[in-house]
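Me: Could you take a close look at the sheet in this model for me? I'd like to know how its strands are put together, and then what goes on in the helices.

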Amino acid sequence: MAGKGYATANRAKILEYLVQNAYRTVTVADIETYLQEQGHPVNVTTIYRYLDKLESEDSINKYVAEKGGKTTYQYREQGHHCGEHLHLKCVECGQVIHLECDFMKEIAAHIEQDHGFTLQCQNSMIYGTCEQCKKKKERG
């Protein structure tokens with residue numbers, strides 16, 4: 001019984017970290033470091049298993065990295081339809097913006113009609129610099 005409570009506490013800490021960082025993507029290493037700092041060291045396999053469970057429940061987005069990169073995860077707020085829009089990621093601060101606007105329908109239609117390619121938005125990311133980071137660069 002004590003083992004089950006321990007697992008539940010660890011899962012709660014993982015979810016807590018994901019929710020606190022919902023504005024950006026995180027790696028398994030980020031989660032592992034947080035858990036260690038909180039006095040809840042967890043086997044990396046346990047973290048992966050719980051992330052897989054959260055992904056199957058549509059509670060997080062999983063962004064699979066290209067060769068050599070790290071897969072990242074992001075908590076998904078209820079009501080976000082991530083399969084219907086792209087995501088913008090700031091290369092400076094890591095913030096992820098959900099591109100939830102009607103313009104996405106135009107882009108998807110153009111790409112389908114003119115290029116014969118169907119967008120898969122669920123795990124798609126466009127990289128750039130957010131407004132706040134651009135302002136910081138201009139000031140400094």
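Reply: Here is a walk through the sheet, followed by the helices and the confidence values.

First, the ground rules. This is a predicted model, where local features need pLDDT of at least 70, side-chain atom pairs count only at pLDDT 80 or more, and totals for chains, interfaces and linings use all residues. Residues are numbered from 1 along each chain as its sequence is written, and side-chain values use heavy atoms, with hydrogens and water left out.

On to the sheet: it is open, has three strands in the order β4-β3-β5, and its pairing is mixed. Strands here are DSSP runs of E with at least two residues, helices are runs of H or I with at least four, and both are numbered from the N terminus. Two strands pair if DSSP finds at least two bridges between them. Since β4 and β5 sit at the edges with a single partner strand each, one side of each is left without a neighbour in the sheet. Ignoring direction, neighbouring strands are turned by 25° against each other on average; the axes behind such angles are lines fitted to C-alpha atoms, for helices over the stretch in contact, and angles run from 0 to 180 degrees between N-to-C directions.

Strand β3 (residues 87–90) pairs with β4 (residues 96–98) in the antiparallel sense, over three bridges. His87 has His98 as its bridge partner in β4, and Lys89 has Val96. Five residues lie between the strands of this hairpin, and Gly94 takes a positive phi near 85°. Toward β5 (residues 125–128), β3 runs parallel, joined by four bridges. There, His87 stands opposite Met125.

Now the helices. The axes of α2 (residues 28–37) and α3 (residues 44–56) come within 10 Å and cross at roughly 120°. Val28, Ile31, Glu32 and Leu35 of α2 make the contact (heavy atoms within 4.5 Å) with Val44, Ile47, Tyr48 and Leu51 of α3.

The structure also holds one aromatic pair: Tyr17 and Tyr34, tilted, 4.7 Å centre to centre with 35° between the planes. Rings of Phe, Tyr and Trp (its six-membered ring) pair if their centres lie within 6.5 Å; planes under 30 degrees apart count as stacked, over 60 as edge-to-face and the rest as tilted. Tyr17 belongs to helix α1 and Tyr34 to helix α2, 17 residues apart.

As for confidence, pLDDT is the predictor's confidence in each residue, from 0 to 100. The chain has a mean of 84, and 89% of its residues reach 70 or more. Among the elements, α1 (residues 2–20) has the lowest mean, 78, and α2 the highest, 96.
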